[in-house]
Amino acid sequence: MAEFKITRGFDIPLNGKARYELELLPPADNVAVLPSDFHNIKPKLLVQENDTVQTGTPLFFDKQEDRFKFCSPISGKIKEIRYGERRKIEKIIIERTNKVKDKAFKTWSLKELETVNPDEIMVHLLNTGLWPLLRERPFNRIARPDKKPKSIFISLIDTAPLAADPLFLIQGREDLFKAGISLLLKFTDGKIHVTGKGLSELEKSLHGVEKHVFTGPHPSGNPGIQIHHIDPINRGEFVWVIRPDDLVMILSFLTTGQYPGTRRIALSGEGLANNRYVEITRGASLKFITDTLPEDREYRIIGGNVLTGTIKDHDDFAGYYDNTITVLPENRERVFLGWIAPGLKKFSFSKTFLSSLLPGKIFPFDTGQHGGHRAFIQTGLFEQVLPMDIYPDYLIRSILAEDIPEMEALGLYEVDVEDLALCSYIDPSKNDINAIIRHGLDLLEREG
């Protein structure tokens, strides 16, 4: 077992973490599958409005890789296919109906999974739309099924602001998690690395894996940071990453034959009065959140955490990968001479305000940026929150210049958007560093 103490990073003192209580919400009447959840795919529809579908029925596939299918989480009728600009598919909305029965799928016992051919499992997951739960680094894309990764990473910690606790998400289903690790060993000739913030009872009971302990501020829980310290990625290499709750979902499906129709998520943020964990229908409408929000103030709903999540409309749906929903008060006000105020009630990473004299205090947060976009300048702040042996300022500048050899030399293969998300938060120039890193990764994947 290896221990890594991360010193560079930062925990944003946000209020509103979900309590460790699980509520089972009733099945949703309407769900949606969002092609935008899957980066860099080109969807080709397989259904039309008013078509009847069962659980696991393919709704669309990727034109670039037709084995990647994306399926319905419930049985019902295609209520609406919503298009955006240039006929881009935005949402496929399915309405639940009791007239359509759920489909039963092939099952394997835990003993049978010990000897099963991994290609058989791979094809089964590809055809039923669960293969996208396996992600590949670099580029954080859907894992390519034809090539074995050099290693597989599973993180039992998530240090992002108000993020769901991975151990709580799989509570009561630890046996499926252990069986999932045994199954994953068939997909790689390398090692499986399991990371946590301490040796919990679950970690002590795991066999055949490399165990690691990561302590320190965010982003110490990010798989990208852990890969950098344990098994760095060079050009031509790749590793797989899967979340514990996603692995449990796959094993539950394989052993029961019932399509996974629910997901546990954390409801967090200062905008909610009842922060807790809930089990919802996958892709459910978010009205169970928006209907409880006070009407005297505007709120922003985020699918995911506040650093890397996706902004949701009030009539939107939970995403394919969402295990956290965060709600923050919206702030569109411009404060006159706000930069000159003492700021006792405002938090600042760079100690701009007098609030820096109150260590440990939890501050109210909203969506205000407290400033406008300015030219990118080199401040040296980014290196304070990125625990990797790379130079983030120079990497970002190489991406802005679209200098591919320089991007490669400066370590873009090793990072993902979430690893530099704190840079967006602390940047005094208010640049969207997330978008810059995503642009660089897309350019490197396409042209590199």
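## Exercises: a helix pair, a sheet and a covered helix

H9 passes H12 in a left-handed crossing. Keep in mind that this model is predicted.

**Exercise 1.** Work out how helices H9 and H12 cross and which residues meet there.

*Solution.*
- Step 1: Find helix H9 at residues 392-400 and helix H12 at residues 433-447.
- Step 2: Compare their axes, which come within 9 Å and cross at roughly 65 degrees.
- Step 3: Look for contacts, meaning heavy atoms within 4.5 Å. From H9, Ile396, Ile399 and Leu400 take part, and they meet Ile433, Ile436, Ile437, His439 and Gly440 of H12.
- Step 4: Sort these residues by type: 6 are nonpolar, 2 are polar and none is charged.

**Exercise 2.** Trace the open sheet, then find its edge strands and how S10 is joined to S15.

*Solution.*
- Step 1: Follow the 7 strands in the order S1-S14-S13-S12-S15-S10-S11; their pairing is mixed.
- Step 2: Go to the edges, strand S1 (2-5) and strand S11 (141-142), each of which pairs on one side only.
- Step 3: Now take S10 (residues 135-137) and S15 (residues 239-241), which run antiparallel and are joined by 3 bridges. One place to look is Arg137, whose bridge partner in S15 is Val239.

**Exercise 3.** Is helix H6 mostly covered or uncovered, and what covers its buried residues?

*Solution.*
- Step 1: Apply the cut-off for buried, under 20% relative accessible area. In H6 (residues 223-230), 7 of the 8 residues are buried, so by this definition the helix is mostly covered.
- Step 2: Name the buried ones: Pro223, Gly224, Ile225, Gln226, Ile227, His228 and Ile230.
- Step 3: Look at what covers them, which includes S1, S10, S12, S13, S14 and S15.

Notes: Residues are numbered from 1 along each chain as its sequence is written. This is a predicted model: local features need pLDDT of at least 70, side-chain atom pairs count only at pLDDT 80 or more; totals for chains, interfaces and linings use all residues. Side-chain values use heavy atoms; hydrogens and water are left out. Axes are lines fitted to C-alpha atoms, for helices over the stretch in contact, and angles run from 0 to 180 degrees between N-to-C directions. Helices (H or I, at least four residues) and strands (E, at least two) are DSSP runs, numbered from the N terminus. A crossing is left-handed if the near helix is turned anticlockwise from the far one by less than a right angle, and right-handed if clockwise. Ala, Val, Leu, Ile, Met, Phe, Trp, Tyr, Cys and Pro count as nonpolar, Asp, Glu, Lys and Arg as charged, and the others, Gly among them, as polar. Two strands pair if DSSP finds at least two bridges between them. Buried means under 20% relative accessible area, exposed over 50%, partly exposed in between (1.4 Å probe, protein chains only).
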